[in-house]
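Open the model in your viewer and keep the selection panel handy. We will go from whole chains down to single residues, one stop at a time.

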Amino acid sequence: MLKINQLHKSYPIGDSSLHVLKGIDLQVEEGEMVAIMGSSGSGKSTLLNIIGMLDEADSGDYILDGLPIKDLTEKKAAVYRNKFLGFIFQSFNLINYKNALENVALPLYYQGMKRKERQERAMFHLEKVGLADWANHLPKELSGGQNQRVAIARALAANPKLLLADEPTGALDTKTSYEIMAFIQKLNDEGKTILMVTHEEDIANMCKRIVRLRDGIIMEDKKIEQVRAEQYV
Amino acid sequence: MFKFLFDRDTWQEVFDSFNKNKLRSVLTMVGVWWGILLLIVLLGSARGLENSFNRLFGDFATNSVFVWGQSTSKPFKGFQEGRKVRLSLTDAKKVEKNVEGIEFVVPRNQNQATVVRKFLSGSFQMAGDYPLLDQVQKKKLIHGRFINQNDIDFDKKVVLLSEDTYKQLFEKDENAIGEYVQINGMSFKVIGIFKNGNVNMGPSTDMHIPFTTFQQIYNQGDEIGWMMITGKPEYDIKQIEADAKLLLKNLNRIHPKDNRAFGSFNLGKEFAKITGFLTGMQFLTWFVGIATLIAGVFAIGNILLITIKERTKEIGVRRALGATPFEIKRQIVVEAVFLTLMAGVIGIISGGWILILIDTLYGQGAEASLVNASVSIAVVFVALIILVILGTLIGLIPAFKATSIKPIEALREE
């Protein structure tokens, strides 16, 4: 599904440069649910951004579903992101003047899907996250948990191969966090491949595999017994 | 591209971002609105002014020059300077025959006359004229007729009075046609009342009598006071004036460089001055209008740039969701063009209303100062096309700004 070989990335800081990723090797199979952990500055966000094609590695290979991701133009990256990836952000990143349904439909709009079909698809995904009744509400009229569920519906809308979540529970309280995690676990149960960055142990333990980063290299990569989130809800 | 323009979603996006900050969107449009309003109102008014000038000039053969004799200022061929110059009918005929491009030459005599009617009397300017005068200086007749060939042939004692003269000699609403007035002791039959011209275009007079009658009663012989020379439309009246004067100097033995021997009033030149003034005003209007438009469009560009800055994160999200840089740019340009066009259309409509108001206030009646103040559809189209072009160009700046930031940086923005 996802294969990364000797990935390097450094950022220039003044005259010197900061080597953030120092040769990452990572392989993720279909249906996996991986937590990427590490302290701040460990390079976990950079890794996620490169996987998300929002950033490009200096060297190394990145193959997504058999497709080598390299020499990306902005346009190509946009098309790949739209087709292959679903993003879930810490701060939801919903468009505040669009209602829930329109937000969910946005990736489909950029796919060039017809309005009617798009709305049906968006509604289907909103129903899936249990927010069908809130379709016409603006993000500011929804709670944090609801907003994150809208964001998840949006990430799912284009039916991506890979879901990328950057601290999906970082802005939520514990109870809501577990609700969201329960939901993400359900998606994984249905077969979605999920990659998430988190620094919370309890959230990481709800995944099936934990990859720990420190100073730009993978320190530990282990499969774990998944803690089901439902029991806390 | 066309599919994109007719797509409901495109406009949904535009309206969404317009509604996001209604007040600012409206304020943004004020500059362009004002620019186009100014352009429409000023152009319309300039047109109204032009129309009213044309109406005034419509009564004149504008390609005309009036020439009269004065005193010589240079000695020539044994004559002292200061000799009085008098034009003659022969001169007039020779000018008509020899100068190129002449339509006709109308001689005229003029004098002061005392007019008495019953107990009322006054002193008025009286001119002896040919029927041809009517073609140089169209008389607006209120009653009666102008001098005809019959009057000339038989030296008839008939007179046309100006409206002001009539008012001084007759009671209010009294019928004057067919009545008699005493001019220098002789009875003249009133055949017409004409309206005084409302501009000083060429020499005006209070009364007209037949040229031949004038000749006879003042014992003028061959001498004339004026000649009015009208050129054919395709000829330059300034050249005709110069040619005619040179010929007249030759005929009257005047030094060719004597500039004071003849007085003249070139209607064509005066007309050209006013036409030039109108052209200048139109140019100024376009200049001011377009400059204001450009300033207005820049204001839109500026506000859009600020909006883009505020929307950096939103644009980052859209790009993460798969919007290509082209799609982002296109959207921003469409928004810029939309704002510009909206402002423009509102400006054109409100400008039209103001022109209607101007027409109601200043455009009614015969003495209107702004006749039919309006702009042509072509001008409106030109203005709209300029707006679309400017809107597109100015939209490109924020559009490129928006996509110059990498999506990852845009997402980090708070």
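Two residues are in contact here if their C-beta atoms, placed from the backbone, lie within 7 Å. With that in mind, residues 24 or more positions apart account for 67% of the contacts in chain A with a separation of 6 or more.

A word on bookkeeping before we move on. This is a predicted model, in which local features need pLDDT of at least 70 and side-chain atom pairs count only at pLDDT 80 or more, while totals for chains, interfaces and linings use all residues. Residues are numbered from 1 along each chain as its sequence is written, and chains are lettered from A and ligands numbered from 1 in the order in which they are written.

**Stop 1: select chain A**

Colour by secondary structure and you will find seven helices and ten strands in chain A. Helices (H or I, at least four residues) and strands (E, at least two) are DSSP runs, numbered from the N terminus. The C-alpha trace of chain A spans about 50 × 40 × 35 Å along its principal axes. Its radius of gyration is 18 Å, which agrees with the value near 17 Å for a compact globule of 233 residues. That radius is taken over C-alpha atoms, and the globule rule is 2.2 Å times the number of residues to the power 0.38.

How much of chain A is buried? Buried residues make up 47% of its 233 residues. A residue is buried if 20 or more other C-beta atoms lie within 10 Å of its own, exposed if 12 or fewer, and partly exposed in between, with C-beta atoms placed from the backbone.

**Stop 2: two residues of chain A**

Pick Pro12(A), which sits in strand S1 (residues 2-13) of chain A. Pro12(A) is exposed, with 8 other C-beta atoms within 10 Å. Draw a distance to Lys114(A): the two C-alpha atoms are 44 Å apart, and the residues are 102 apart along the chain.

Next, choose Gly170(A), in the loop between strand S7 (162-166) and helix H6 (174-189) of chain A. Gly170(A) is partly exposed, with 16 other C-beta atoms within 10 Å. From its C-alpha atom to that of Phe89(A) is 9.1 Å, with their positions 81 residues apart along the chain.

**Stop 3: where the chains meet**

Show both chains. The contact takes 20 residues from chain A and 17 residues from chain B. On the side of chain A that touches chain B, helix H2 (74-84) and helix H3 (100-110) of chain A each supply at least two residues. H2(A) gives the most to that side, with six residues. By class, the same side of chain A has ten nonpolar, four polar and six charged residues. Here Ala, Val, Leu, Ile, Met, Phe, Trp, Tyr, Cys and Pro count as nonpolar, Asp, Glu, Lys and Arg as charged, and the others, Gly among them, as polar.

**Stop 4: select chain B**

Chain B has 14 helices and twelve strands. Its C-alpha trace spans about 105 × 55 × 35 Å along the principal axes. A compact globule of 414 residues would have a radius of gyration near 22 Å, whereas chain B has 34 Å. Buried residues make up 40% of the 414 residues in chain B.

Colour chain B by domain: domain 1 is 2-57 + 273-412, and domain 2 is 64-266. These bounds come from an automatic or database domain assignment. The centres of the two domains, taken over C-alpha atoms, are 56 Å apart.

**Stop 5: a helix pair in chain B**

Select helix H3 (residues 22-57) and helix H10 (residues 267-310) of chain B, whose axes come within 8 Å and cross at roughly 170°. Axes are lines fitted to C-alpha atoms, for helices over the stretch in contact, and angles run from 0 to 180 degrees between N-to-C directions. That crossing makes H3(B) roughly antiparallel to H10(B), a label for angles over 145 degrees. The contact of H3(B) with H10(B) has 22 nonpolar, eight polar and two charged residues.

**Stop 6: loops of chain B**

Go to Leu132(B), in the loop between strand S4 (120-129) and helix H5 (133-136) of chain B. Leu132(B) counts as partly exposed, with 18 C-beta neighbours inside 10 Å. Leaving aside residues up to four places away in sequence, Leu132(B) touches Phe104(B) and Val106(B).

Finish with backbone angles. Most residues other than glycine have a negative phi. Asn184(B), in the loop between strand S7 (180-183) and strand S8 (186-194) of chain B, has a positive phi of about 45°. Arg253(B) has a phi near 55°, also positive, and lies in the loop between helix H9 (237-251) and strand S12 (262-266) of chain B.

Key: Angles under 35 degrees count as roughly parallel, over 145 as roughly antiparallel, 65 to 115 as roughly perpendicular and the rest as oblique.
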